[in-house]
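Visitor: Could you take me through a close look at one place where two helices pack against each other, and then set it in its surroundings? Please go slowly, since I would like to follow each step on the structure itself.

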Amino acid sequence: RAEKTEVLSEDLLQIERRLDTVRSVCHLAQKRLIACFQGQHGTDPEKRHKKLPLTALAQNMQEGSIQLSDETLLGKMLDTCGDAENKLAMELSQHEVQIEREVLDPLCLLTETEIPNIQKQRKQLAKLVLDWDSARGRYNQAHKTSGTNFQVHPSKIESLKEEMDEAGNKVEQCKDQLAADMYSFVSKEGEYARCFVMLLEAQADYHRKALAVIEKVLPEIQVHQDKWTEKPAFGTPLEEHLKRSGREIAVPIEACVMMLLETGMREEGLFRIAAGASKLKKLKAALDCSTSQLDEFYSDPHAVAGALKSYLRELPEPLMTYGLYEEWTQAANIQDQDKKLQELWRICNRLPKHYYANFRYLIKFLAKLAQNSDVNKMTPSNVAIVLGPNLLWAKNEGSLAEMAAATSVHVVAVIEPIIQHADWFFPGDQDFNVSGAFVAVPAVNSNHLSHSGNDYECGTLERKRPVSMTVMEGDLLKKESFGVKVLDFPANPRRCGTVNRKHTSPAFQ
């Protein structure tokens, strides 16, 4: 048989060469897109929705909410989130059905029907061309030999010519149909490309609807979250904790102070001696849970003191604030002690409202603790050394050496005089049981500090003119609070000396 004659033009040959590539690329894209589906390919939306993993998750959440009941925060959250996940699953099933209809079906038609049909026609054309070439070859051979071989009848030649012409006509018809389909394929390339545009548009529409579901439910679950007061206090900003709990004094501060007032005021080395790690961890967790009982911790004042220190240190912003750090450190360097006290008083009054209230509460307690320094060995200086770094630190802390230097030079020099003269800085009595949630401190107990309230009736100690604090070493450190004994209360409070306190300036008379 003769060699096949090429009957396609160059542009049609170029289209032919692209067919296999287009089919391969589109088929792979179709396969990968189906792999992205979470539902069963080819099913209706309702059946697909039931089989989605999101639907199973939603059902599990809602069943869990029934077991926990909606009286608990977790139960409410599971119920609300389960409903939202179910809606998201419905959106997803509808989205996948849309993708199948608008993207996969056209791609499938292209790769499984249109291109294969063109390629089938191309094979048919090749066969017809071979038949045409064969008929033409036989005719030419018969025509060539008719001049020398008189045995070839003219009717035979005519029959071969008709066969050749018929084969040629079939080639032309097939070629025209193939060319029309090829040109149609090229003209529809924009439609095929449009499938991928529709894919992104459908995904955008799905994500918008899914986002609308989430945005609608988020405020609802946030309300549940905000109403739930049992949230960790440790590591939470002070303002957020107080707002959430509706309190004036932070839970860990008040709870620890009330426990220490009852069992820790005469404990030697309070705030200095470390507590057991497991006990401390348990107490911190108990303080984070407002429904927990704290009775067992009264017997371990060192754990209570450690928890108070941890709470202060874990505050995102120190109780004495970052904003006033430079002013505190500058005041610590003032040599004239009266001027230093006046400056410290001024800075104290610049503390934000919530920080001021908690700082006042804590300083009043620390001053009360220092009144028993002959027993607990915690003078204002010692208290300032161990607790100061938990009340004030730089926003960008340096090395351990720099921190230690800053602590010894600045923090102690700030905290010590404030503790020593607490009633001058913060005049008036302090009711430590602010929330009323704690049992009153026993009036008489050999192991506890008396909390009768008489120690607030006389301001002799705090209202005395402070002695110079320029000397930080030697004999002064051996005395109670720089030469002023913190337990020197007169027998009769009515005979206490009084002092004029100017409201415009914190000077001592």
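Guide: A crossing of two helices is called right-handed if the near helix is turned clockwise from the far one by less than a right angle, and left-handed if it is turned anticlockwise. With that convention in hand, and bearing in mind that this is a predicted model, find helix 9, residues 277–288, and helix 10, residues 301–314. Helix 9 passes helix 10 in a right-handed crossing. Two packed helices are described by the angle between their axes and the distance between the axes. For helix 9 and helix 10 the angle is about 60°, and the axes are 9 Å apart.

On the side of helix 9, the contact is made by Lys279, Leu280, Leu283, Lys284 and Leu287, while helix 10 brings Ala303, Val304, Gly306, Ala307, Ser310 and Glu314. Sorted by character, the residues of this contact divide into six nonpolar, two polar and three charged. What counts here as polar includes glycine, so Gly306, which helix 10 contributes to the contact, falls in the polar group.

From helix 10, follow the chain into the loop that leads to helix 11, residues 325–332, where you will find Leu315. Leu315 counts as buried because its relative accessibility is 3%, and the cut-off for that term is under 20%. Setting aside residues up to four places away in sequence, Leu315 touches Thr236, Leu238 and Trp393. The C-alpha atom of Leu315 is also separated by 9.0 Å from that of Ala233, although the two residues are 82 apart along the chain. The loop between helix 10 and helix 11 also holds Thr321, a residue that is not a glycine and yet has a positive phi of about 70°. Thr321 is buried, because its relative accessible area is 4%.

A useful counterpart is Lys377, in the loop between helix 14 (373–376) and helix 15 (380–387). Lys377 likewise is not a glycine and has a positive phi, here about 65°, but at 42% relative accessibility it counts as partly exposed, whereas Thr321 is buried.

Other places in the chain can be read in the same manner. Leu52 lies in the loop between helix 2 (45–51) and helix 3 (53–68), and its relative accessibility of 1% is why it counts as buried. Not counting residues up to four places away in sequence, Leu52 touches Gln38, Gly39, Ala89, Leu92, Ser93 and Glu96. Gln38 is 14 residues from Leu52 along the chain, and their C-alpha atoms are separated by 6.0 Å.

Helix 4, residues 73–145, is the place of His95, which is buried at 11% relative accessibility. Leaving aside neighbours within four places in sequence, His95 is in contact with Ala202, Gln203 and Tyr206. Thr111 is also found in helix 4, and at 1% relative accessibility it counts as buried. With the same allowance for sequence neighbours, Thr111 is in contact with Arg23, Cys26, His27, Gln30 and Pro116.

Further along, Trp345 has its place in helix 12, residues 337–348, and is buried with a relative accessible area of 15%. Trp345 and Phe425 are 80 residues apart in sequence, and 6.0 Å apart in space from C-alpha to C-alpha.

Stepping back to the whole, the chain has 19 helices and zero strands. Of its 509 residues, buried ones make up 44%. Among the contacts in the chain with a separation of 6 or more, residues 24 or more positions apart account for 78%. The chain exposes about 27,200 Å², and carbon and sulfur atoms supply 52% of that area.

A disulfide is a covalent bond between the sulfur atoms of two cysteines, and a search of the whole structure finds zero of them. As for individual cysteines, Cys81 is partly exposed with a relative accessible area of 26%, whereas Cys256 is buried with 0%.

How values were computed
Residues are numbered from 1 along each chain as its sequence is written. This is a predicted model: local features need pLDDT of at least 70, side-chain atom pairs count only at pLDDT 80 or more; totals for chains, interfaces and linings use all residues. Side-chain values use heavy atoms; hydrogens and water are left out. Axes are lines fitted to C-alpha atoms, for helices over the stretch in contact, and angles run from 0 to 180 degrees between N-to-C directions. Helices (H or I, at least four residues) and strands (E, at least two) are DSSP runs, numbered from the N terminus. Contact means heavy atoms within 4.5 Å. Buried means under 20% relative accessible area, exposed over 50%, partly exposed in between (1.4 Å probe, protein chains only). Accessible areas come from the Shrake-Rupley method with a 1.4 Å probe; for residues, only the protein chains shown count as cover. A disulfide is a pair of cysteine sulfur atoms within 2.5 Å.
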